[in-house]
Amino acid sequence: MTRIRLGFVMALIAGGGLMFQAQAPTAQKAYKFTEIVPGVYSAIGTGAMNVGSNSAVIVNRDEVMIVDSHISPESGRAMLQELKAITDKPVRVLVNTHFHYDHTNGNQAFPSGVDIIGHEFTRRKLTGDILEKGMFADLVNGLPKQLEDLQARAASEADPAVKARLAQQVPVQAAFANSLKDLKVTPPTVTLTDQMTLYRGDREIRLLYLGHGHTGGDIVVYLPKEKVLCTGDLLVHDIANLIDGYVNEWPDALEKLKPLDFVDVIPGHGDPFKGKERIDWFQAYLRDLWRQGTALHEQKVPPADAAKRIDMTAHQAHYPGITTPGVNVPAVLRMFEVMDGRADR
Ligand SMILES: [Zn+2]
C-alpha cells in the first residue's frame, strides 16, 4: 500500500513536469552541532535536508549515544556521516524518545551492532500498523499534493527572496520523498517500561518514562551530573504535536520533570533552552485546552466547529505563534478520541 503511494510520488517527481533533481544539495551540511556541555551536543537541521526532529549526541569515554534518528533513512545516514566532524568514536546506542516517524525513520541507517532503546509502547507501535494509519500514512498520502503545491508556489511567487526560499525547499522535499522509498520501519531492540540507567565512563545516563504524554511511551534522557535533559517531544520549545497525545494526563508527566536537577534542555523540536519555566507554560496550555475541549465535547459540538471555537490566545505571551482563536482539527479529534475511551493505552 505504502510502496504504491510512494511509487506515485516518485512518478510525479520524475514525470510530472517538476523540474528539479531528486537529491538534496550536498554542499551544505544537514546538521548543525552545538556543544551544550562538554561532550553533549544538540544536532539541529540546517534546512539543506529535511531531517524532521532534533537529536542529541552524547559522546562518552569510549563510544557515542544518539537520541533520535530523524525523519528518513537518508537523514539517519547523514547524521552518522556528519558526526565524524565532532568525534571518531563509534555509535553504540540509539535512543528513540517515542515512535513518531520524525524521530525513528533513520533507525535503519544505524549498523546492526547498535542497540536501539525505546519504550515498550514504541516497539509495539513500530511493529504494528503505523504505515497503514495515523501520522505516517497521512504524511505519505499528503506528500504528492504537498510537492505539487510547493512547486506551484515557487513558480508563481513574485517576491524574489521568497521564491528562492521556496525553490530551495522543492528538491529538499523531493529528496525526502525519495528516501522514504527505502524505508524499513526498524523498532527498538531493547525496551523499557519505567526506567533504565546506563553507566558509560564517567557518565550516568538515565532513561525515564513519566507516564502518558505526547504519546503512550515517551522517554526522556537525563544526565544528572551534567544537568542536561533531552525531552523528545514531551516538552519542546514551542507547542508539541498533539495528534497522539493524552492532553489530560500530559501535565502530570511534565510535573515529574520538575524534581529533576537540570539546567539545559535539548528538546525534540526548536532551539535548546534553559530552566523549567516552559514546563509551567505548557502545563497551563494543556490544562486550558482540555478544559475547553471537554466543555465542547459535552455539548456534542462537532470536532471541526470545536477546533474553531477553542481560544488559546491567552497563552500568546508564551507562544507567539498563537495569533487568532482556533486550534487544528486533528488536535481536537485526538482529544475527543481520548474522552471517548478510544485511544491506545
Ligand atoms: Zn517530533
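Colleague: I'm new to this one, so let me start with a single residue: is Asp-280 buried, partly exposed or exposed?
Modeller: Asp-280 counts as partly exposed, at 42% relative accessibility, where buried means under 20% relative accessible area, exposed means over 50% and partly exposed is in between, with a 1.4 Å probe and protein chains only. Please keep in mind that this is a predicted model, in which local features need pLDDT of at least 70 and side-chain atom pairs count only at pLDDT 80 or more, while totals for chains, interfaces and linings use all residues. Residues are numbered from 1 along each chain as its sequence is written, and side-chain values use heavy atoms, with hydrogens and water left out.

Colleague: OK, and which residue forms a salt bridge with Asp-280?
Modeller: That is Lys-258, with the closest N and O atoms 2.8 Å apart; a salt bridge here is a side-chain nitrogen of Lys or Arg within 4 Å of a carboxyl oxygen of Asp or Glu. Lys-258 lies in the loop between helix H7 (250-255) and strand E12 (264-267), whereas Asp-280 is in helix H8 (residues 277-298), so the pair ties together parts that are 22 residues apart in sequence. Helices (H or I, at least four residues) and strands (E, at least two) are DSSP runs, numbered from the N terminus. Lys-258 is partly exposed as well, with a relative accessible area of 24%, and a network of salt bridges links Glu-255, Lys-258 and Asp-280.

Colleague: How many salt bridges does the structure hold?
Modeller: There are 14, among them one between Asp-62 and Arg-61, whose closest N and O atoms are 3.1 Å apart. Asp-62 is partly exposed at 47% relative accessibility, while Arg-61 counts as exposed at 57%. Another of them joins the side chains of Arg-206 and Glu-204, at 2.8 Å from N to O; Arg-206 is partly exposed at 27%, but Glu-204 is buried, with a relative accessible area of 17%.

Colleague: Switching to the sheet, what is its strand order?
Modeller: The order is E8-E9-E10-E11-E12-E13, in an open sheet of six strands with mixed pairing, and two strands pair if DSSP finds at least two bridges between them. E8 and E13 stand at the edges with a single partner strand each, so one side of each is left without a neighbour in the sheet.

Colleague: And how many bridges join E8 to E9?
Modeller: Six bridges join strand E8 (residues 195-200) to E9, and the two run antiparallel; one bridge pairs Leu-198 with Ile-205 in E9. The two strands form a hairpin with two residues between them, and Gly-201 in the turn has a positive phi of about 60°. On to strand E10 (residues 219-223), E9 has four bridges, again in an antiparallel arrangement, with Tyr-209 partnered by Ile-219 and Arg-206 standing opposite Tyr-222. Six of the seven residues of strand E9 (residues 203-209) are buried, so this strand is largely enclosed by the rest of the structure.

Colleague: What about the rings, how many aromatic pairs are there?
Modeller: The count is six, with rings of Phe, Tyr and Trp (its six-membered ring) taken as a pair if their centres lie within 6.5 Å, and with planes under 30 degrees apart called stacked, over 60 edge-to-face and the rest tilted. The rings of Trp-250 and Phe-282 have centres 5.2 Å apart and planes at 85°, so they are edge-to-face. This pair links distant parts of the chain, since Trp-250 is in helix H7 and Phe-282 in helix H8, 32 residues apart. Both Trp-250 and Phe-282 are buried, and they belong to a cluster that ring pairs form with Tyr-285 and Tyr-319.

Colleague: Last topic, which residues coordinate the zinc ion?
Modeller: The zinc ion is coordinated by Asp-102 (OD), His-103 (NE2), Asp-233 (OD) and His-269 (NE2), at 2.0 to 2.2 Å. Donors are N, O and S atoms within 2.8 Å of the metal (3.2 Å for Na, K and Ca), and water is not among the atoms, so sites may look incomplete.

Colleague: What are the angles among the four donor atoms?
Modeller: They span 85 to 169°, which leaves the site irregular. Four donors count as tetrahedral if all angles lie between 85 and 135 degrees; four count as square planar and six as octahedral if opposite donors are over 155 degrees apart and all others between 65 and 115; anything else is irregular. Of these donor residues, Asp-233 is buried, with a relative accessible area of 4%, whereas His-269 is partly exposed at 26%.
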